[in-house]
Amino acid sequence: MKSIASAPAKIILFGEHFIVYGGKAILCSINKRITVESELTKTGQIEIESSLGKLKISKSDSYKNADLVFRPIIYIAQKMLEKFHSESGIKITVRAEFPSGVGLGSSSACCVAAAGSISGLFGNHTREEILKIAIDAERTIFENTSGADCTACVYGGILEYSKDGHIRKLELLPKFDLVVANSGIIHSTNKVVSMVRQFKDERQETFSSLCTQEAGLIEDALACLQRNDLTKIGKLMTQNQEFLEKIGVSNDTLRSMISLTKDVSYGAKITGAGDGGCIIALADKTNLEKIQSALAKKYECFSAKIDTRGLEQGSA
Ligand code: MEV
């Protein structure tokens, strides 16, 4: 039997970085997915095949001996084999519909889809159990993760989230499209989070004032999302971008991408860690094409919609 699970990419509408220090963030899953298939084998090995490469490792070898990209999957496979006292190996295949390392939550979607798929080989697990395994797995490569990205991948839709475990799924979803544009600059979330920590340590008052302003902005944003007020949501995205500029996670490329959308979108900002990766621009059917043609001359971009499915599991 093959156990199959898929999980969506995510963007952060508001609150990246500030969430690491106790603030809230608003995350939105989008309709691009990672699918993981797994099956038990008799080889005693963990075998992984993905667009990022192939790996075969003995199931008793430490995940720390493998390349970073494979560590979370090995961790999940080993945890499950151990928990169910299984003698088997596992063969795992990963397929992604979106690029990795650009702020769209590929590692989280991969952790969630892998946790869903591999746990499915050993019976049913709740979404909460799968989320816990996925976050623990992500910590093998990103120790300080707030857990926000994995949570968005599991539940789908739009989520209000804080690091202490507060999760609220918005019941009334606004109607919007997003244009996601890739700067082509691969970033390391770990490195950018460390840069922000240094900023916070060196400029404590400024950082604390920005956290307070961000918290107010997020409350306004939640109200506007419920009212489907795209004009105001866009303005708040632009304001959130100013805060991200101040903590130093933007750069000339990202700024010039955002300015290309200035006259045509409701608002635009970095999504995720920044210092590279993607920007998002808020759209509806009146301006979607205009935003895409403004960006597409220089950057890879695609339109996206809110994903409401979250983690899905099945078998073949
Ligand atoms: C990364 O997608 C989001 C950050 O806020 C880090 C985190 O929440 O773990 C930068």
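Which residues are around the ligand? In this predicted model, the surrounding residues are K10, I12, E16, H17, I19, V20, F142, T145, S146, D149, G272 and A273. By class, this shell comprises five nonpolar, four polar and three charged residues. The ligand takes up the space of the largest pocket.

Oxygen atoms of the ligand lie at short listed distances from H17, S146 and D149. For S146, a polar atom of the side chain is 2.7 Å from a ligand oxygen. For H17, the atom concerned is a backbone N or O, which lies 2.9 Å from an oxygen atom of the ligand. In the case of D149, an N or O atom of the side chain is 3.0 Å from a ligand oxygen. Of the 300 Å² of accessible area that the ligand has on its own, the protein covers 97%.

A second site examined was T43, which is placed in the loop between β2 (24-41) and β3 (45-50). The relative accessible area of T43 is 47%; because this value falls between the limits of 20% and 50%, the residue is classed as partly exposed. The side chain of T43 forms a polar contact of 3.0 Å with the side chain of T41. A polar atom of the T43 side chain also lies 3.2 Å from the backbone nitrogen of Q45. T43 and E87 are 44 residues apart along the chain, and their C-alpha atoms are separated by 9.4 Å.

Methods. Residues numbered from 1 in each chain as written. Predicted model: local features only at pLDDT ≥ 70, side-chain atom pairs only at ≥ 80, totals over all residues. Heavy atoms only, no water. Near = heavy atom within 4 Å. Polar contact = N/O pair within 3.5 Å; in protein donor to acceptor, adjacent residues only side chain to side chain. Areas by Shrake-Rupley, 256 points an atom, 1.4 Å probe, with all protein chains shown as cover. 1 Å grid on protein atoms, 1.4 Å probe; cavity = no way out; pocket = protein on both sides within 12 Å on 5 of 7 lines; lining within 4 Å. Sits in = over half its atoms within 2 Å of the grid points. Nonpolar A, V, L, I, M, F, W, Y, C, P; charged D, E, K, R; others polar. Helix = DSSP H or I, 4+ residues; strand = E, 2+ residues; numbered from the N terminus. Buried < 20%, exposed > 50% of the residue type's maximum accessible area, 1.4 Å probe, protein only.
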